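Trainee: Got a minute? I have a structure open and would like to go through it with you.
Mentor: Sure, put it up and ask away.

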Amino acid sequence: MKTIGILGGMSAASTALYYDVLNRGARARLGGLHSADLLIRSLDFALVEEMQAAGDWEAAGQMLNREARRLEAGGADFLMLATNTMHKLVGPMLEGVSIPFLHIADATGHQIGAAGLKRPGLMATAYTMEQSFYTDRLRAAGLEPMLPGPGDRAETHRIIYDELCIGVLREESRQSYVEIAGRLAKRGADCVILGCTEVGLLLNAANAPLPVFDTTEIHCAAALEMALAA
């Protein structure tokens with residue numbers, strides 16, 4: 001099994017999900033006492049969030065690059081970011097890094113296309129929904145991503161940062177996410193991307209009005225395929 005280098009901590013709740021999903025996946029594939037071979041660098045999300053809020057993406061990119069290099073030097077065979085939003089900085093993050101990188105939007109786009117769907121609604125942080133770094137990757141995969149309306153985008157973002165990232169799960173927020181997904185469906189979305197790793201804490205296949213593509217599950221499955229490939 002190849003060693004998966006995970007750059008995480010953005011948020012801690014997200015990285016905990018990755019750890020759980022990867023290890024459960026390795027056990028399901030290999031049986032017995034097997035678990036995933038992981039090298040994890042978990043950052044202090046408060047520092048990252050300050051850079052996001054200030055728009056200091058240059059400093060954030062430098063931080064991610066430094067940590068990606070540390071993961072490579074530590075023996076990772078390939079890298080993944082345990083977050084959707086910070087894929088905005090993949091370019092600067094990978095400067096001088098020679099090992100492969102598994103992009104979450106590429107893995108997700110491939111899964112949606114393979115399912116014969118085309119118009120995913122995207123529920124994520126405002127950065128991921130409103131900037132082009134993520135939706136452009138989906139369009140390159142032949143998809144036509146749809147965004148919630150302005151108020152729904154603001155509420156989706158607020159719930160992520162004010163609640164989910166600090167482990168707060170509220171039933172009223174769960175219902176809000178279900179309603180936002182419903183409005184996307186009424187506008188023509190044929191599926192919904194849980195485009196922030198925390199969104200799946202509230203919205204899932206059991207309560208969503210559309211087929212759900214959980215980026216955490218998809219990203220981890222693709223990582224295990226890479227790790228176990230000959």
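Trainee: Which residues does Ser14 touch, not counting residues up to four places away in sequence?
Mentor: Keep in mind that this is a predicted model. In it, Ser14 touches Ala82, Thr83, Thr197 and Glu198.

Trainee: What does the side chain of Ser14 make a polar contact with?
Mentor: With the side chain of Thr197, at 2.6 Å.

Trainee: Where is Ser14 found?
Mentor: In helix H1, which covers residues 12-30.

Trainee: And is Ser14 buried or exposed?
Mentor: Ser14 counts as buried, because its relative accessibility is 0%. The cut-off for buried is under 20%.

Trainee: OK, sheets now. What is the order of the strands in the one with S1?
Mentor: The order is S2-S1-S3. That sheet is open, has 3 strands and pairs in parallel. Its edge strands are S2 (38-42) and S3, and each pairs on one side only. On average, neighbouring strands are turned by 20° against each other, direction ignored.

Trainee: How many bridges join S1 and S2?
Mentor: Strand S1, residues 4-8, pairs with S2 over 5 bridges, in the parallel sense. For one bridge, look at Gly8: its partner in S2 is Ser42.

Trainee: Which strands does H3 touch there?
Mentor: H3 packs on this sheet and touches S1, S2 and S3. The direction of H3 makes about 155° with that of S1. H10 packs on the sheet too, touching S1 and S3. Its direction makes about 175° with that of S3.

Trainee: What holds strands of a sheet together in general?
Mentor: Strands pair through backbone hydrogen bonds, either parallel or antiparallel.

Trainee: What about the sheet with S4, what order does it have?
Mentor: S4-S5-S6. It is an open sheet of 3 strands, with parallel pairing. Strand S4 (120-123) and strand S6 (212-214) are the edges, each pairing on one side only. The twist from one strand to the next averages 25°.

Trainee: How many bridges between S4 and S5?
Mentor: There are 4, in the parallel sense, and S5 spans residues 191-194. Leu122 stands opposite Ile193 in S5. Helix H10, residues 215-228, packs on this sheet and touches S5 and S6. Its direction makes about 55° with that of S6.

Trainee: Switching to charges. How many salt bridges does the structure hold?
Mentor: It holds 14. Side chains of opposite charge can pair when their charged atoms come close.

Trainee: Give me one in a helix. Where do Glu155 and Arg158 lie?
Mentor: Both lie in helix H8, residues 150-162. They are 3 residues apart, about one turn of the helix. Their side chains meet in a salt bridge, 3.0 Å from N to O.

Trainee: Why does Glu155 count as partly exposed?
Mentor: Because its relative accessible area is 25%. Arg158 is partly exposed as well, at 30% relative accessibility.

Trainee: What distance goes with the salt bridge of Arg158 and Glu163?
Mentor: That one is 3.2 Å, N to O. Glu163 counts as buried, at 2% relative accessibility.

Trainee: Which residues are joined into one network by salt bridges that share partners?
Mentor: Arg41, Arg66, Glu67 and Arg70. Within it, Arg66 forms a salt bridge with Glu67, with the closest N and O atoms 3.6 Å apart. Arg66 is partly exposed at 44% relative accessibility. Glu67 is buried, with a relative accessible area of 3%.

Trainee: Last topic, the inside. Which residues touch the most other members in the largest nonpolar core?
Mentor: Met10, Met86, Tyr177 and Leu203, in a core of 44 residues. The largest share comes from H3, with 6 residues.

Trainee: What does Tyr177 touch, again not counting residues up to four places away in sequence?
Mentor: Met123, Thr156, Ile159, Ile160, Leu164, Val199, Leu202 and Leu203.

Trainee: How many residues are in the other core that lies apart?
Mentor: That core has 31 residues, among them Ala26, Ala105, Leu143 and Ile193. You met Ile193 earlier, opposite Leu122.

Terms used. Residues are numbered from 1 along each chain as its sequence is written. This is a predicted model: local features need pLDDT of at least 70, side-chain atom pairs count only at pLDDT 80 or more; totals for chains, interfaces and linings use all residues. Side-chain values use heavy atoms; hydrogens and water are left out. Helices (H or I, at least four residues) and strands (E, at least two) are DSSP runs, numbered from the N terminus. Buried means under 20% relative accessible area, exposed over 50%, partly exposed in between (1.4 Å probe, protein chains only). A polar contact is a pair of N or O atoms within 3.5 Å; within protein, one must be able to donate a hydrogen and the other to accept it, and residues adjacent in sequence count only if both atoms are side-chain atoms. Contact means heavy atoms within 4.5 Å. Two strands pair if DSSP finds at least two bridges between them. Axes are lines fitted to C-alpha atoms, for helices over the stretch in contact, and angles run from 0 to 180 degrees between N-to-C directions. A salt bridge is a side-chain nitrogen of Lys or Arg within 4 Å of a carboxyl oxygen of Asp or Glu. A nonpolar core is a set of buried Ala, Val, Leu, Ile, Met, Phe, Trp, Tyr and Cys residues joined through side-chain atoms within 4.5 Å.
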